[in-house]
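Hi everyone, thanks for coming. I'd like to walk you through a structure that will be new to most of you. Have a look at it first, and then we'll go through it together.

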Amino acid sequence: MTAVTPERRSRPKPGERREQILQALAGMLEQPDGDRITTAALAARLQVSEAALYRHFASKAQMYEALIDFIEQTVFALINQIEVRTAESGRRRVAQTVAMLLQFAEKNPGMARVMVGDALVLEHERLQHRMTLFFDKIEATLKQSLREQGVTANAVTPTLEAQVCAAVMAAFVRGRLQRYVRSGFKRSPCEQLDACLALMLAG
């Protein structure tokens, strides 16, 4: 009679557990109630001990930093693709960049909470600072695109007008993301987007 060997639980591959932790955190951030996430709740969701979390991340702040890394890498890679596709049209580049940001947030509600800082309340202040810098970079990118073409064909002060228009567009993005999060992810950030873009880029 052949002995039956008990089935061993396979261990996660290197980096796999870290990815699972981040996915679980992002999933918890998608809950519209907006409760502050604790490491105890995160560990319970993953059915591991809190000590297991700290083997992969030194702190919860480090977990959020990894999510911010993902946001930055994804968004700026997509912006680079847009710049290649629309090299000759600054306006089209701006419109597609704004649309991409809002679509990214809509598809990733947990990331939207990080982007607007809602998920970072009571966390380390450097996390809020990183998201502020993120939107500063977005605004600078929009300004550069608008300045290359000129906001309007007969702009008297094209650099100033590009700066003002870029600031308005960046504020629009942040406002739409705030509304999306505050509505419990019910109000789409892309609502009437084409009409809004046409109005902001008119001239």
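I'll start with the whole chain and then stop at a few places along it.

First, please keep in mind that this is a predicted model. So how many helices and strands are there in the chain? Nine helices and zero strands. If you read from the N terminus on, the elements go α-α-α-α-α-α-α-α-α, which makes the summary easy to remember.

Now, the confidence. The average pLDDT of the chain is 88, and 88% of the residues score at least 70. Residues 1-9 are another matter: the pLDDT there is below 50, and the stretch has zero contacts in the model beyond near neighbours in sequence. As a general caution, where pLDDT is low, the predicted coordinates should not be read in detail.

A few numbers on the chain as a whole. It has 203 residues, and 43% of them count as buried. Take the contacts between residues at least 6 apart in sequence: 65% of those join residues at least 24 apart. On the outside, the chain exposes about 11,700 Å², with carbon and sulfur atoms supplying 51% of that.

Here's one example of residues distant in sequence. Gln-103 and Pro-189 are 86 residues apart along the chain, yet their C-alpha atoms are 7.6 Å apart in space. Gln-103 belongs to helix H5, residues 90-107, and it is partly exposed, at 38% relative accessible area.

Next, let's go to helix H9, residues 193-200. Which of its residues are buried? Leu-193, Cys-196, Leu-197 and Met-200. They cover an arc of only 95° around the axis, so they sit on the same side of H9. The general reason behind such a pattern is that an α-helix has 3.6 residues a turn, so residues three or four places apart point the same way. Over on the other side of H9, you'll find Asp-194, Ala-195, Ala-198 and Leu-199 exposed.

Helix H8, residues 158-182, is where Val-168 lies. With a relative accessible area of 44%, Val-168 is partly exposed. Together with Leu-160 and Val-164, Val-168 makes a nonpolar surface patch of about 260 Å².

Now for the loops. The one between H6 (109-115) and H7 (125-149) holds Glu-123. Is Glu-123 buried or exposed? It's buried, because its relative accessible area is 15% and the cut-off for buried is under 20%. And what does Glu-123 touch, leaving aside neighbours within four places in sequence? Arg-36, Lys-60 and Tyr-64.

Leu-122 is in that loop between H6 and H7 too. But Leu-122 counts as exposed, at 67% relative accessibility. Its phi is near 70°, a positive value in a residue other than glycine. Why point that out? Because most residues other than glycine have a negative phi.

Gln-47 is another residue with a positive phi, near 60°, and again it isn't a glycine. You'll find Gln-47 in the loop between helix H2 (39-46) and helix H3 (50-54). At 70% relative accessibility, Gln-47 counts as exposed.

If you take one thing away, let it be the chain of nine helices and zero strands, with residues 1-9 below 50 in pLDDT. Thanks, and I'm happy to go back to any of these places.

Technical notes:
Residues are numbered from 1 along each chain as its sequence is written. This is a predicted model: local features need pLDDT of at least 70, side-chain atom pairs count only at pLDDT 80 or more; totals for chains, interfaces and linings use all residues. Side-chain values use heavy atoms; hydrogens and water are left out. Helices (H or I, at least four residues) and strands (E, at least two) are DSSP runs, numbered from the N terminus. Buried means under 20% relative accessible area, exposed over 50%, partly exposed in between (1.4 Å probe, protein chains only). Contact means heavy atoms within 4.5 Å. Accessible areas come from the Shrake-Rupley method with a 1.4 Å probe; for residues, only the protein chains shown count as cover. The arc is that of the directions from the helix axis to the C-beta atoms. Patches are made of residues with over 30% relative accessible area and no salt bridge: like charges are joined within 9 Å, nonpolar side chains (Val, Leu, Ile, Met, Phe, Trp, Tyr) within 5 Å. A salt bridge is a side-chain nitrogen of Lys or Arg within 4 Å of a carboxyl oxygen of Asp or Glu. pLDDT is the predictor's confidence in each residue, from 0 to 100.
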